[in-house]
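Here are some exercises to help you find your way around a new structure. Try each task yourself before you read the worked solution.

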Amino acid sequence: MSTQYNSIQGPYDYIRKKSIALIEHENIRTTLAPYIANARVLEFACGSGFYTYDFLTWGATSVLGVDISPVMIEQARLSGSSPVGTTPASVLTDGKSVDFLLADCTKPEKYPRAPFDTVFGAWLLNYAPDRKGLVDMFRNIAINLKEGGVFVSITVPPTENPLESMNAELSVRPPPEGSGGLYYWLNEFVEDGMYFHVKGHTPLGDVDFDCYHLRKSVYEEAAREAGLKGELRWGKTEVPERWLKGEGEGGASLEELRSYGDVANYGVLVVEK
């Protein structure tokens, strides 16, 4: 898995204050609600802690955040002890804890205190270049997840035609604002989908990175092959009513917000072991 986030931590965190990122956050809170109470959570690709500390306020008892980027992990640690975090450091009392581990989430490895009740990964699966890479990611999830546990992920929109999905986004949310400040272009086709570039402009510098959008069926087949045999379902971007009423944060126009109902910005994958 790439360490390309080392150089874009500041601009990336700026982008994550946009409306669509905050809507994603709300969608994940709703999705995790049935699974989070008293849970021990493993968070893959934790980044700078956009979700990490909030798992505790949502009901988890502990979180282990794993990321390949030392820059992101250091920022996540700082977020837990400063006003930068969405949750104050005081939540790390009463037996609740957050720890971090520098590791490559793409390589199957049993982590300390595994198995966990819940595994979460935001924008993780889109770094698998092919089916084999996805199987390895899902195996890492499976060996660290208890029987009956659940994996929840934010990833690219589920589709059998990734290029069509990207072009639909560009049509309704064109550059430079795109989807919450990010827009995309095709690098090349790969066997299981496409390899694409993500671009965004911020006052702190540009966001530039590359990732993959594989076919929906490839994600599903890889999860099964890796040992996640329970219920599997997909969700998509759902804009809460308060944003549509003009009461949401992040600065998106009503036109942008409404467009997510027609063309999703992300998919939500939920699969049980």
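**Exercise 1. Two residues with a positive phi**

Task: Start with Ala45 and decide whether it is buried or exposed. Then do the same for Asn38.

Solution. Keep in mind that this is a predicted model.

Step 1: Ala45 has a relative accessibility of 14%. The cut-off for buried is under 20%, so Ala45 counts as buried.

Step 2: Now find where it sits. Ala45 belongs to the loop between β1 and α3 (54–57). Its phi is near 55 degrees, which is a positive value in a residue other than glycine.

Step 3: Turn to Asn38, in the loop between α2 and β1. Its phi is positive as well, near 60 degrees, and again the residue is not glycine.

Step 4: Check the accessibility of Asn38. The value is 60%, and exposed means over 50%, so Asn38 counts as exposed.

**Exercise 2. The chain as a whole**

Task: Work out how the radius of gyration of the chain fits with that of a compact globule.

Solution.

Step 1: Take the length. For 273 residues, a compact globule would have a radius of gyration near 19 Å.

Step 2: Compare. The chain has 18 Å, which agrees with that expectation.

Step 3: Add the outline. Along its principal axes, the C-alpha trace spans about 45 × 40 × 35 Å.

Step 4: Look at burial and contacts. Buried residues make up 55% of the 273. Of the contacts with a separation of 6 or more, 72% are between residues 24 or more positions apart.

Step 5: Finish with the surface. About 11,500 Å² is exposed, and carbon and sulfur atoms supply 51% of it.

**Exercise 3. The three-stranded sheet**

Task: The chain has nine helices and 10 strands. Put the strands of the open sheet of three in order, and say which are at its edges.

Solution.

Step 1: The order is β6-β7-β8, with antiparallel pairing. The edge strands are β6 (183–190) and β8 (205–214), each pairing on one side only. On average, neighbouring strands here are turned by 20 degrees against each other, direction ignored.

Step 2: Take the pairing of β6 with β7 (residues 193–202). These two share seven bridges and form a hairpin with two residues between them. Glu188 has Tyr195 of β7 as its bridge partner, and Val190 stands opposite Gly193.

Step 3: Go on to β7 and β8. This pair has 10 bridges, and it too is a hairpin with two residues between the strands. Here Met194 stands opposite His213 in β8.

Step 4: How enclosed is β7? Eight of its 10 residues are buried, so it is largely enclosed by the rest of the structure.

Step 5: Add a helix. α6 (residues 162–172) lies across β6, β7 and β8, running at about 165 degrees to β6.

**Exercise 4. The seven-stranded sheet**

Task: Find the strand order of the open sheet of seven, then place two helices against it.

Solution.

Step 1: Read off the order, β3-β2-β1-β4-β5-β10-β9, with mixed pairing. β3 (97–102) and β9 (232–236) are the edge strands. The twist averages 15 degrees from one strand to the next.

Step 2: Zoom in on one end. β9 and β10 pair in the antiparallel sense over five bridges, and Arg233 stands opposite Val270 in β10.

Step 3: Place the helices. α2 (residues 19–32) lies across β4, β5, β9 and β10, at about 160 degrees to β5. α4 (residues 70–79) packs on the sheet too, touching β2 (62–67) and β3, and its direction makes about 165 degrees with that of β3.

**Exercise 5. A helix and its cover**

Task: Say which residues of α5 (residues 131–143) are buried, and what covers them.

Solution.

Step 1: Check the length. The helix has 13 residues and reaches 18 Å from its first C-alpha to its last, close to the 18 Å expected.

Step 2: List the buried residues. They are Gly133, Leu134, Val135, Asp136, Met137, Phe138, Asn140, Ile141 and Ala142.

Step 3: Name the cover. It includes β1 (40–44), β4 (116–122), β5 (145–155), β8, α7 (216–226) and β10 (267–272).

**Exercise 6. Cis peptide bonds**

Task: Locate Pro115 and Pro176 in their loops, and describe the bond before each.

Solution.

Step 1: Pro115 is in the loop between β3 and β4. A cis peptide bond joins Ala114 to it, with omega about 5 degrees.

Step 2: Pro176 is in the loop between α6 and β6. The bond from Pro175 to Pro176 is cis, with omega near 5 degrees.

Key
Residues numbered from 1 in each chain as written. Predicted model: local features only at pLDDT ≥ 70, side-chain atom pairs only at ≥ 80, totals over all residues. Heavy atoms only, no water. Pairing = 2+ DSSP bridges. Helix = DSSP H or I, 4+ residues; strand = E, 2+ residues; numbered from the N terminus. Axes fitted to C-alpha atoms, helices over the stretch in contact; angles between N-to-C directions. Contact = heavy atoms within 4.5 Å. Rg over C-alpha atoms; globule rule 2.2 N^0.38 Å. Buried < 20%, exposed > 50% of the residue type's maximum accessible area, 1.4 Å probe, protein only. Areas by Shrake-Rupley, 256 points an atom, 1.4 Å probe, with all protein chains shown as cover. Expected span 1.5 Å × (residues − 1).
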